[in-house]
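Hi everyone, thanks for coming along this morning. I'd like to walk you through one protein slowly, so please pull up the picture and follow with me.

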Amino acid sequence: TNVIPIVEDARYPNKYRMLVGMVDVLFADVAQPDQARILALNAHHFLKNGGHFVISIKVNPFFSFFAY
């Protein structure tokens, strides 16, 4: 398979590092205030040199009225 979902706390990659090797792409969908830091930490552990990442950024709906 080329997609491996990991149901674990993304803030602690050492807890699941034995399940996954180095990868070409990381997809981060974490709804945490420090989600960019969490992605950077996981990229440091798992992303190959020259690899890419995708991050799904959550925003507070309170600020969505500014888009109109």
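Starting at the N terminus, the elements of this protein come in the order β-α-β. In total that is one helix and two strands. Please keep in mind that what you see is a predicted model.

Now a few overall numbers. The protein has 68 residues, and 21% of them count as buried. Its accessible surface comes to about 5600 Å², and 61% of that belongs to carbon and sulfur atoms. What about contacts along the chain? Among the contacts with a separation of 6 or more, 60% are between residues 24 or more positions apart.

Let's look at two residues that show this kind of contact, beginning with P13. You will find P13 in the segment before β1. Is P13 buried or exposed? P13 counts as buried, because its relative accessibility is 4% and the cut-off for buried is under 20%. So who are its partners in space? If we leave aside neighbours within four places in sequence, P13 is in contact with L41, N42, H45 and F46. Take F46 from that list: P13 and F46 are 33 residues apart in sequence, yet their C-alpha atoms are 8.9 Å apart in space.

The second residue is Q35. Q35 sits in helix α1, which covers residues 35-46. With a relative accessibility of 9%, Q35 also counts as buried. Which residues does Q35 touch, not counting those up to four places away in sequence? The answer is V30, I55, S56, I57 and K58. For one of these, I57, we can put numbers on the pair: Q35 and I57 are 22 residues apart in sequence and 7.9 Å apart from C-alpha to C-alpha.

Next, the charged side chains. How many salt bridges does the structure hold? It holds four, and I'll show you three of them.

One of them joins R11 and D9, with 2.7 Å from N to O. Both ends can be judged by their accessibility: R11 is partly exposed at 35%, and D9 is partly exposed at 24%.

Another links K15 with E8, and here the N to O distance is 3.7 Å. K15 has a relative accessible area of 47%, so it counts as partly exposed. E8 is partly exposed too, with a value of 39%.

Then there is R37, which forms a salt bridge with D34; their closest N and O atoms are 2.9 Å apart. R37 comes out at 43% relative accessible area and is partly exposed, while D34, at 26%, is partly exposed as well. If you are wondering why none of these six is called buried or exposed, it is because partly exposed covers the range between the two cut-offs, under 20% for buried and over 50% for exposed.

Let's turn to the nonpolar side of things. I4, I6, M18 and L19 make a nonpolar surface patch of about 420 Å². Find I6 in your picture: I6 lies in the segment before β1, and β1 runs over residues 23-28. I6 has a relative accessibility of 35%, so I6 counts as partly exposed. That value fits with its place in the patch, because patch residues need over 30% relative accessible area.

My last stop is the empty space. To find it, we roll a probe the size of a water molecule over the atoms, and that shows where empty space is left. In this protein, the largest pocket holds about 670 Å³ of space. There are 21 residues lining that pocket, and the closest to its centre are I4, P5, I6, L26 and F27. You have already met I4 and I6 in the nonpolar patch.

Which element gives the most to the lining of the largest pocket? That is β1, with five residues. Helix α1 takes part as well, since β1 and α1 each supply at least two residues of the lining.

So, when you go back to the picture, try finding P13 beside its contact F46, then Q35 with its contact I57, and finally the pocket with I4 and I6 among the residues closest to its centre. Thanks for listening!

Note on methods:
Residues are numbered from 1 along each chain as its sequence is written. This is a predicted model: local features need pLDDT of at least 70, side-chain atom pairs count only at pLDDT 80 or more; totals for chains, interfaces and linings use all residues. Side-chain values use heavy atoms; hydrogens and water are left out. Patches are made of residues with over 30% relative accessible area and no salt bridge: like charges are joined within 9 Å, nonpolar side chains (Val, Leu, Ile, Met, Phe, Trp, Tyr) within 5 Å. Accessible areas come from the Shrake-Rupley method with a 1.4 Å probe; for residues, only the protein chains shown count as cover. Helices (H or I, at least four residues) and strands (E, at least two) are DSSP runs, numbered from the N terminus. Buried means under 20% relative accessible area, exposed over 50%, partly exposed in between (1.4 Å probe, protein chains only). Contact means heavy atoms within 4.5 Å. On a 1 Å grid over the protein atoms alone, a cavity is a set of points where a 1.4 Å probe fits but cannot get out, and a pocket is an open set with protein on both sides within 12 Å along at least five of seven lines; lining residues have an atom within 4 Å of a point. Grid points are joined across faces, edges and corners, and a volume is the space filled by probe spheres set on the points.
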